[in-house]
2 protein chains.
Amino acid sequence: MEVQEKTKTRLIDSALKLFRRQGYDGTGLTQILNDSGAPKGSFYYHFPKGKEQLADETIRRAGANVATLIDSCFSGCDSFEKGVLTASSTIATWFKKSGYAEGCPVSSILLRTMSSSDTLRKSSELVLKNWCDVIAKHARRHGFESQSTELGEAMILAIEGAWVLSRATQSIKPFEVATAMVLAMVRK
Amino acid sequence: MEVQEKTKTRLIDSALKLFRRQGYDGTGLTQILNDSGAPKGSFYYHFPKGKEQLADETIRRAGANVATLIDSCFSGCDSFEKGVLTASSTIATWFKKSGYAEGCPVSSILLRTMSSSDTLRKSSELVLKNWCDVIAKHARRHGFESQSTELGEAMILAIEGAWVLSRATQSIKPFEVATAMVLAMVRK
DNA sequence: GTATATGTAGACCGATCACCATACAAGAGT
DNA sequence: ACTCTTGTATGGTGATCGGTCTACATATAC
C-alpha cells in the first residue's frame with residue numbers, strides 16, 4: 001500500500017507537465033509512459049478508462065493545487081489589492097521559470113473538449129469556478145461584498161488571458177496588465 | 001488562374017474551422033481533406049511544408065479577419081466605450097452561435113507551440129500584437145493617448161480569457177465581465 | 001501453504017498519423 | 001504540335017496513436 005499509489009501519482013505528475021506544455025492531443029500516451037517510467041499495463045490498471053480519465057484526474061489535481069496557491073497568496077496579504085498582485089506575480093514567475101511553456105492546466109485540456117464527451121469540460125468548469133470562489137472569498141473578507149463574485153471571475157479571466165499572451169510574447173508583462181485590470185475594477 | 005486558388009482557400013477555411021474547434025493536434029490532416037473536399041496531392045502542392053505551413057497561413061488569415069472585424073466594430077461607434085462593448089459582444093455572439101466551439105484561432109494553435117519550431121509562436125505574437133494596435137488606434141482617436149497601448153493589450157487579454165471561460169461555462173457571461181474590466185480601466 | 005488482491009510488464013492490435021511518390025489533366029508560350 | 005508550368009488525383013510509406021491482451025511478480029489473508 002505504498003508503491004502502488006506512487007506510480008499513479010507519477011503518471012499524473014508527468015501528464016500534468018506534458019499537457020501544460022503541449023496540450024492534451026499533443027501529448028502521446030507513450031510519452032507520458034516514458035516520462036513517468038511506468039509501463040503501459042500499470043497505466044491501464046490505475047486508469048481503466050484510459051487517457052480521458054487520466055486527463056480528468058489531472059485537471060482536478062492541478063485545480064486543487066492552484067486553488068491552494070491562490071488562497072495562500074491572498075491569506076498572506078492584508079489587503080485585497082496586495083493579494084491580487086501577489087497571486088498574479090507568483091503565477092507569472094512560475095510560468096517564466098518554465099520557459100513560458102507550462103501554461104494553464106485547464107485550458108490545455110479544455111481546447112479539445114468539443115470533440116469528445118464533455119466530462120472534461122464539466123471538470124474544467126468546476127475547477128475554474130472553484131478558483132473564482134477562492135478569490136471572491138478574500139474579496140469579501142476585505143469588504144468588497146457586492147463585487148466579490150465579479151472580482152473573482154474577472155481575476156481568473158485576466159489570468160487565463162495573461163497565460164495566452166505571455167506564451168505568445170515570451171514575457172510576463174501581460175500578467176502586469178492583468179493585475180492592473182483587476183485593480184481598476186476595485187478602484188472604480 | 002481561378003479554381004487553383006479556390007482549393008487553397010477551401011483548405012484554409014476548413015483548417016481554420018477545425019483548428020478552432022479541436023486545436024492543432026486534435027485535427028488530423030485527413031479530416032481537413034475530407035472537410036474541404038481537396039485531395040491529398042493538392043494539399044501538398046499548395047502547402048509543400050505540410051501541416052505547419054497550413055497552420056501558419058491559417059493564423060495569418062484569421063488574424064487579418066479578426067483585425068478587420070474589431071476595426072469595423074470600433075469605427076462604427078462614436079465613443080471608445082461603445083466600441084469595446086460592440087466588439088466584445090460581436091465576438092461573444094459568434095462564439096455562442098458556434099455552440100461555444102470555435103474559440104480563438106490563435107490560441108488553438110499556440111498551445112502546442114513549444115514542441116515544434118517557434119515559427120507558429122512568432123506568427124501568433126504578430127497577430128495578437130496587430131489586434132492590440134487596432135484597438136490602441138481607436139483609443140487614441142477618442143482621446144486616451146497615454147493609455148492607448150495598455151488599453152489595447154488589456155482588451156485582447158480580456159477577450160482571450162473570456163474565450164476560455166466561455167467555453168468552460170457554455171455561457172457568454174465571461175465576455176460581459178471582460179467588457180466591464182476594460183471599461184473600468186477607462187474610468188479610473 | 002495456498003488462495004486472492006494488487007500491481008507490474010510488455011507484446012500486440014487495428015486505426016490513424018503526417019508525408020511522399022507517381023501519374024495525369026489542362027492551359028500557356030513558342 | 002511542342003514542352004512547361006500549374007495543379008489535380010490517388011495509393012502507399014513507416015511511424016505512432018490509444019487501447020487490449022495475457023503472463024507474471026508481490027504481498028496480504030486465511
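Right after helix α7(A) comes A:Gly143, a residue with a positive phi, near 95 degrees. The helix itself, residues 119-141 of chain A, runs for 23 residues and spans 33 Å from first C-alpha to last, close to the 33 Å expected at 1.5 Å a residue (the expected span being 1.5 Å times one less than the number of residues). Helices here are DSSP runs of H or I with at least four residues, numbered from the N terminus.

A word on the model: it is predicted, so local features need pLDDT of at least 70 and side-chain atom pairs pLDDT 80 or more, while totals for chains, interfaces and linings take in all residues. Residues are numbered from 1 along each chain as its sequence is written, and chains are lettered from A and ligands numbered from 1 in the order written.

As for the pair of chains, a turn of 180 degrees with a shift of 0.0 Å along the axis lays chain B on chain A with an RMSD of 0.1 Å (least squares on C-alpha atoms of residues with pLDDT of at least 70 in both copies). The two copies are thus related as by a two-fold rotation axis. Within chain B, the residue that comes closest to this axis is B:Gly161, its C-alpha at 1.9 Å.

Across the interface, 39 residues of chain B are in contact with 39 of chain A, contact meaning C-beta atoms, placed from the backbone, within 7 Å. On the chain B side, two or more residues each come from α1 (3-22), α6 (105-110), α7 (119-141), α8 (148-169) and α9 (173-186). Helix α8(B) gives the most, with 14 residues. Both copies use the same surface, as 100% of the contact residues of chain B recur in chain A.

Definitions and conventions: Two residues are in contact if their C-beta atoms, placed from the backbone, lie within 7 Å.
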